[in-house]
Amino acid sequence: MRYAETGYNLEIDLSRGNIERVETDPKLTKLHLGGLGTNTRILWDRVPPETEPFDPENLLIFSTGLLCGTPATGANRTIVSTISPQTLLMGYSMMGGFFAPELKYAGYDKIIFRGKSPKLVYIWINNDNVEIRDAAHLKGKGAVETAEIIKSELKEPNAQVAAIGLAGENRVFTASIEQGRSSASRLGVGAVMGDKRIKAIAVRGTKDINLARPEEYIKLCNEVLQYIKEREEKPVPGVMPILAGLGSPQEMKHVDEKWHTENFSWGNSRTRRKEFWTKEVEDKWTETQLNARKRLISCYNCPMKCGAIISIQGISTYMMKCFSKLTYTMAAFVDDLDFGFRIAQRATEYGVDGFSTPQIMAFGFELLDAGILTEKDFEGCPSDNEGRFYWLLDRIVRREGIGDVLADGTYWAAQKIGKGADAYAHNNIKKHEQLPLKLGMLNPVYFLMYSTGEKINITQIEGQFPQSPFPTMEEREEFVKDWVQVPDEKFKQYLLDWELRGERSNPYYPTVDMSVDIVDWQEMMHYIDDALGVCAGLSSFPLKPPYHIHNYPKLISSATGMDLDEAELKQIYKRNRTLLRAFNARRGLRRADEKPPEDHWKKRFPELEEKLLDAYYQFKGWDNDGVPTKESLQELELGFVAEDLEQRGIIKNG
Ligand code: SF4
């Protein structure tokens, strides 16, 4: 009997219309857990490095995490993996909501798509019955609208539907997969879904999941819930609101946007508006948000309520994604929050990434102001800021005129446009738009996370360690007192010694070695969460979360029956991290690609930055170019990866 996982994947060959239920190898669960870990292994085994994102050989995997659907709170993530059209590396994007548990209850750990359908289709998974259905009637429909039509025609209001909008159908590089209460938005996974001509996947499952030691597991799950309750009653003092509590940035709960609007950049990630947040703005924005927000909602089996149902007169009701309420508003320099709520509804139906798309639009208008693009490119575009953004969004998702060029994101658009446009695509890492944040002094921990993170999304790499030092020793001592999550006591000392100014402050403190330790801890928690399908909002993202390296082994062991201690779990993390790096190294990723945007910090320290990268690579068992060494791969039971890299000349001289 298999525990926690179903032991079966659904394999769908869209070119042939073939559907198979395939038993999985339990050895792979032992080596990689599930979710991101096994997705990476499947992509390594089956997708040769010559494969382009829109080749039929590219796979699109929808995976549950190992604990999804079990009573563990927040274990609801679907991990979508494929080759990203934007970075040309492995893209993995995650969504919460209800999709992954439903898929497990239908009897599958993953859906693996290969090939391309000759026509637009949707997939209907109803426990053991799986069909590929014609979706001609859904062409051009919005993502949320599509889900409603499918549920109604199937007469299955409880089906969970993941769908693409117009952006996905037209292979816009920032196309998302929308799923009612969540979305997989980053790295163009919706474009690959559209390329495979899958409009939607509907799933309904009513089976059970087996647990190896249910009584012990439920007890541990209850301890997690109890901790959440206590932690919510006691927010961490002295840090910004979104880190003080738990949950994936609870943007729809908070109305205080001083921190975001004054610290993040506006427009094409350039201008900070230091005095923006006045009493008048605060009152107006609070009123707008509270009027629009009908109800706070949660993902499956979670008490945190991070999302909100938004209802505004004249447009259909939708669920607002955490930070999207600000991204369009700030990119368009619109002082009215109502605009953000309205345009986000249209963007959700079109199915686009709310982090990248506003930046791409602001980039387009900046090129127009600079004379690199011309009025002819924007013929018919209204002159007001709001109208301009709606106009350009419509063109991008339809790939019309200049919208067709911008639909590939700022990096690729700049290559096509030429005339110095690349200087304006200034906020990318590995060809992908980052958060519009520009700061003063280099932070060594963030330098490493930005440079080397394969998730290509800083908010999903960071967490665990405070972003800046506490001003007083009393505050630090108070913080470390009940810091049970640290993997090692040394982290407490790192924090106690960290000062705002002087010798023990950024950029030279945390020291190079400490920075590597901190990044490794943060990465470890994210990689474990992404293999288990646990939301980062309850684990790797906030300070002092309920899940950590000390209780995870017990939870995994009692759920799956695989006896696992902390050292073994750390080894699995290392294996998954290294395999993902090897996959991308095989696709060409090297040290030269590992850098933050040039203007991310005003004060840069080239020598220190090189030392940080050297130390990080050495710690990970990678060579000076960021490629895993033969020895480290062998030690992680990845000898076959070493052989492949050696044969291709990527690992040299053994
Ligand atoms: S913490 Fe928030 S985003 Fe995460 S599972 Fe719970 S409700 Fe969803």
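Which residue is the bridge partner of Asn 9 in β2? Here are some notes on this predicted model, beginning with that pair.

1. **The β1-β2 hairpin.** The bridge partner of Asn 9 in β2 is Val 22. That pair belongs to an antiparallel arrangement in which β1 and β2 are joined by six bridges. The two strands form a hairpin, with four residues between them. If you look at the turn, you will find Gly 17 there with a positive phi of about 75°.

2. **The other neighbour of β1.** Strand β1 (residues 8-13) also pairs with strand β6 (residues 110-114), this time in the parallel sense, and five bridges link them. Leu 10 is a handy place to check this, as Ile 111 in β6 stands opposite.

3. **The whole sheet.** Reading across, the order is β2-β1-β6-β3-β4-β5, an open sheet of six strands with mixed pairing. Its edges are β2 (18-23) and β5 (90-95), each of which pairs on one side only. From one strand to the next, the twist averages 15°. As a general reminder, the strands of a sheet pair through backbone hydrogen bonds, either parallel or antiparallel.

4. **The second largest pocket.** This pocket holds about 480 Å³ of space. Its lining has 24 residues, and those nearest the centre are Glu 148, Lys 151, Gln 179, Gly 180 and Arg 181. At least two lining residues come from each of α4 (143-154), β9 (160-163) and β15 (318-320). Of the elements, α4 gives the most, with five residues.

5. **Cavities.** The model has six cavities of 30 Å³ or more. The largest has a volume of about 80 Å³. Among the residues that line the largest cavity are Phe 264, Phe 323, Phe 355, Met 330 and Leu 326, along with Pro 358 and Pro 436. Two or more residues of this lining come from α11 (324-331), and likewise from α13. The largest share, four residues, belongs to α11.

6. **Gly 364 in α13.** Helix α13 (residues 356-369) is also where Gly 364 sits. Is Gly 364 buried or exposed? Its relative accessible area is 0%, so Gly 364 counts as buried. Val 405 is 41 residues away from Gly 364 in sequence, yet their C-alpha atoms are 9.7 Å apart in space.

7. **Asn 551 before α21.** Asn 551 lies in the loop between α20 (512-532) and α21 (552-560). With a relative accessible area of 13%, Asn 551 falls under the 20% cut-off and is therefore buried. A polar atom of the Asn 551 side chain lies 2.8 Å from the backbone oxygen of Pro 546, a pair worth displaying when you look at this loop.

8. **Helix α22 and its ends.** How far apart should the ends of α22 (residues 566-586) be? At 1.5 Å a residue, its 21 residues should span 30 Å, and the end C-alpha atoms are 30 Å apart, so the two values agree. The helix is mostly covered, with 15 of its 21 residues buried. At the N-terminal end, Asp 565 acts as the cap: one of its side-chain oxygens lies 3.2 Å from the backbone nitrogen of Ala 567. Just after the helix, Gly 588 takes a positive phi of about 110°.

Methods: Residues are numbered from 1 along each chain as its sequence is written. This is a predicted model: local features need pLDDT of at least 70, side-chain atom pairs count only at pLDDT 80 or more; totals for chains, interfaces and linings use all residues. Side-chain values use heavy atoms; hydrogens and water are left out. The expected span of a helix is 1.5 Å times one less than its number of residues. Buried means under 20% relative accessible area, exposed over 50%, partly exposed in between (1.4 Å probe, protein chains only). A polar contact is a pair of N or O atoms within 3.5 Å; within protein, one must be able to donate a hydrogen and the other to accept it, and residues adjacent in sequence count only if both atoms are side-chain atoms. Two strands pair if DSSP finds at least two bridges between them. Axes are lines fitted to C-alpha atoms, for helices over the stretch in contact, and angles run from 0 to 180 degrees between N-to-C directions. On a 1 Å grid over the protein atoms alone, a cavity is a set of points where a 1.4 Å probe fits but cannot get out, and a pocket is an open set with protein on both sides within 12 Å along at least five of seven lines; lining residues have an atom within 4 Å of a point. Grid points are joined across faces, edges and corners, and a volume is the space filled by probe spheres set on the points.
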